[in-house]
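Notebook open, structure loaded. I want to go through backbone oddities, the sheet, the core and the interface, in that order.

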Number of protein chains: 2
Amino acid sequence: MNPPPTGATVADVGEFALIGLIRERLGTSGLIVGPGDDAAEIAEPGGSFLISSDLLVEGRHFRRDWSSADDIGRKAAAANLSDINAMGGSASALTVSLGIPGDTEVAWVLQLADGLAAECSAVGAEIAGGDVTAADQVIVAVTAVGSAERTVRRDAGAAGDVVAVAGDLGLAGAGFAALSRGFRSPRAAVDAHRVPHPPYEAGPQAAAAGASAMIDVSDGLLADLDHIARASGVVIDLESTLFEIPEPVSTVADALGSDPLTFILTGGDDYGLVALFPSGIPDGWTRVGAARHPSIGEDAGVLVDGMAFEGSPGHQHFR
Amino acid sequence: MNPPPTGATVADVGEFALIGLIRERLGTSGLIVGPGDDAAEIAEPGGSFLISSDLLVEGRHFRRDWSSADDIGRKAAAANLSDINAMGGSASALTVSLGIPGDTEVAWVLQLADGLAAECSAVGAEIAGGDVTAADQVIVAVTAVGSAERTVRRDAGAAGDVVAVAGDLGLAGAGFAALSRGFRSPRAAVDAHRVPHPPYEAGPQAAAAGASAMIDVSDGLLADLDHIARASGVVIDLESTLFEIPEPVSTVADALGSDPLTFILTGGDDYGLVALFPSGIPDGWTRVGAARHPSIGEDAGVLVDGMAFEGSPGHQHFR
């Protein structure tokens, strides 16, 4: 990666380039799976385990006037449990570090803890520890750990694989769009933005079914699938007619005069899964496209109905 | 623990009470060591491992005008590697989530990554992954994982145990006091505040020597040792004459007209270790006191020369 010009800011280069530059600085020789996947896989005496960390920041990932403390806790846990799910694994524990302004009510913090614990108990995981410190805005830093019988990475997708999705797509994005314009409905979309429902069984299911590559959709389907396409060196072509459009997504799109498919393809925060399968897809997964070799001179990447998608593929921080 | 009054803020109750209240809300039945120790111990198929998380916030834990990015990275890594050390373990990996204002220079962030990597390599650990997101202030959320042949907790100290310390005490606190008053010297103290040097060998050494309880000194010796005393149900009596006073600590105390012992007893951020030993202390450790049963009506806690210490025992957030 080319070094940025002297004095360049993180806003100048954007989240993904910044992560790439950081990764170049770090040695990661002893890891089974290192930085750049949903979770890292670390060898310890006796076995390996998966670990993933996310930082949720007030005003960027949640708003206290839109979401209850319980909702924020559930979402923070879900985002991290989803990373273990996206490796084909099951989470066993979270650590949670909280940054909290001093004038925050204790009751609010305890409801946040309740939400974290409730989401964990849905997958049989526990809160193992953490940290509490003073900060200017609410910060929720979560690390999830777990293990997988078979780990599914991002970089082993192959030409000929079927692309399939599991869980919600576009629902949280439609909810965010509605909330941003002052609406509190449709309820299913708004609720999905507040508390996503990752398909926790689908990750280990895909691993058992032989998935070659998998990622969870946190930034947007096109943005996240692009990570798989580039890491695997394939072109992924999605067929727009294969996506089911949930009714609340249509409702929001109609109200805003936008295309519902845009929410499906670029909406984040649902923590659904997208995976590539060499042969057959498991029950509950929906086929949405296929992977192929790049043509001569063509870059690895994601197409929709054979064409580059017009518009932003999803969320990128600092941009 | 009594619930706080309705409307109470985290500033009203303070860090330790808040952590106690949160811990009451969380179920932790399946963990070998749960929240409330330096690190949690989690069982996974094939073995157990240690995990600990800390959140460092600009303006609270570091200042960009006092410390270089490299220094801040080293300190963030050291604080978390120290938690694994304090369990008697060795760290294998860190995850690091960064919150960064958009106008931060990329070069600064890469130097922070260099500092994190350098401190990790000092103990043979690696950066396994993390997250980067936009935030109003610089946030460094670190999780360390590792393993121990024998885990040393906080709650198994016993009457008759010898209390001993390893590593620096008071040096970083003296450096902080000097920097706070606009001084840039004595260099050894100021440098210790910027980049602590935890005694990474001393943790596993104490575990092998049969230590009954151990903690790292991050908030201050009295504050941290109080956690051991209460968890173990003992009174710990320190003998002030047994502490070595480093020359830079004396220099700062003289300049400020304060007692150097106060830095030793209440200064944080050196990440030295204090441990209880049933029989004999290892090379490199210094005996500083002993544990005994509480007298009738006496609470578990820490005394200095048989008396309660006057003044703050160390740092507590929100207070």
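Before placing anything in a loop, I note that helices here are DSSP runs of H or I with at least four residues, and strands are runs of E with at least two, numbered from the N terminus. I also keep in mind that this is a predicted model.

**Entry 1, cis peptides.** I looked up omega first. In chain A, the bond from A:Ser185 to A:Pro186 is cis, with omega near 0 degrees. I then checked where A:Pro186 sits: the loop between helix H5 (171–180) and helix H6 (187–194) of chain A. Chain B has a cis bond from B:Ser185 to B:Pro186, with omega near 0 degrees. For B:Pro186 I found the loop between helix H5 (171–180) and helix H6 (187–194) of chain B. I flagged these because most peptide bonds are trans.

**Entry 2, positive phi.** Next I went through phi. A:Tyr271 has a positive phi, near 60 degrees, and is not a glycine. I located A:Tyr271 in the loop between helix H10 (260–266) and strand S9 (273–277) of chain A. Is A:Tyr271 buried or exposed? A residue is buried at 20 or more other C-beta atoms within 10 Å, and A:Tyr271 has 26 C-beta neighbours inside 10 Å, so I put it down as buried.

B:Tyr271 also went on my list, with a positive phi of about 60 degrees. B:Tyr271 is in the loop between helix H10 (260–266) and strand S9 (273–277) of chain B. With 26 C-beta neighbours inside 10 Å, B:Tyr271 counts as buried.

**Entry 3, a sheet in chain B.** I traced an open sheet of five strands, ordered S1-S2-S5-S3-S4 in chain B, with mixed pairing. Which strands stand at the edges? S1 and S4 of chain B do; each has a single partner strand, so one side of each lacks a neighbour in the sheet. I got an average twist of 20 degrees from one strand to the next.

Zooming in on one pair, S1(B) and S2(B) run antiparallel and are joined by five bridges. One bridge I looked up takes B:Glu44 to B:Gly47 in S2(B). I also checked what lies across the sheet: helix H3 (residues 69–85) of chain B crosses S2, S3 and S5 of chain B, at about 35 degrees to S5(B).

**Entry 4, strand S10 of chain A.** Over in chain A, I followed strand S10 (residues 286–292), which runs antiparallel to strand S6 (residues 162–166) with four bridges between them. A:Ala164 has A:Arg287 as its bridge partner in S10(A). S10(A) also pairs with strand S8 (residues 235–238) of chain A, antiparallel, over four bridges. There, A:Val235 is bridged to A:Arg292.

**Entry 5, core.** I pulled up the largest nonpolar core, which has 217 residues; A:Leu94 and B:Leu94 have the most contacts inside it. Leaving out residues up to four places away in sequence, the residues that A:Leu94 touches include A:Leu116, A:Cys120, A:Ile127 and A:Val142.

**Entry 6, interface.** How many residues of chain B are in contact with chain A? I have 70 residues of chain B touching 70 residues of chain A. Among the elements of chain B that each supply at least two residues to that side are helix H2 (15–25), strand S3 (90–100) and helix H4 (106–122). S4(B) gives the largest share, nine residues. By type, I logged 36 nonpolar, 23 polar and eleven charged residues on the side of chain B that touches chain A.

Key: Residues are numbered from 1 along each chain as its sequence is written. Chains are lettered from A and ligands numbered from 1 in the order in which they are written. This is a predicted model: local features need pLDDT of at least 70, side-chain atom pairs count only at pLDDT 80 or more; totals for chains, interfaces and linings use all residues. A residue is buried if 20 or more other C-beta atoms lie within 10 Å of its own, exposed if 12 or fewer, and partly exposed in between; C-beta atoms are placed from the backbone. Two residues are in contact if their C-beta atoms, placed from the backbone, lie within 7 Å. Ala, Val, Leu, Ile, Met, Phe, Trp, Tyr, Cys and Pro count as nonpolar, Asp, Glu, Lys and Arg as charged, and the others, Gly among them, as polar. Two strands pair if DSSP finds at least two bridges between them. A nonpolar core is a set of buried Ala, Val, Leu, Ile, Met, Phe, Trp, Tyr and Cys residues joined through C-beta atoms within 7 Å. Axes are lines fitted to C-alpha atoms, for helices over the stretch in contact, and angles run from 0 to 180 degrees between N-to-C directions.
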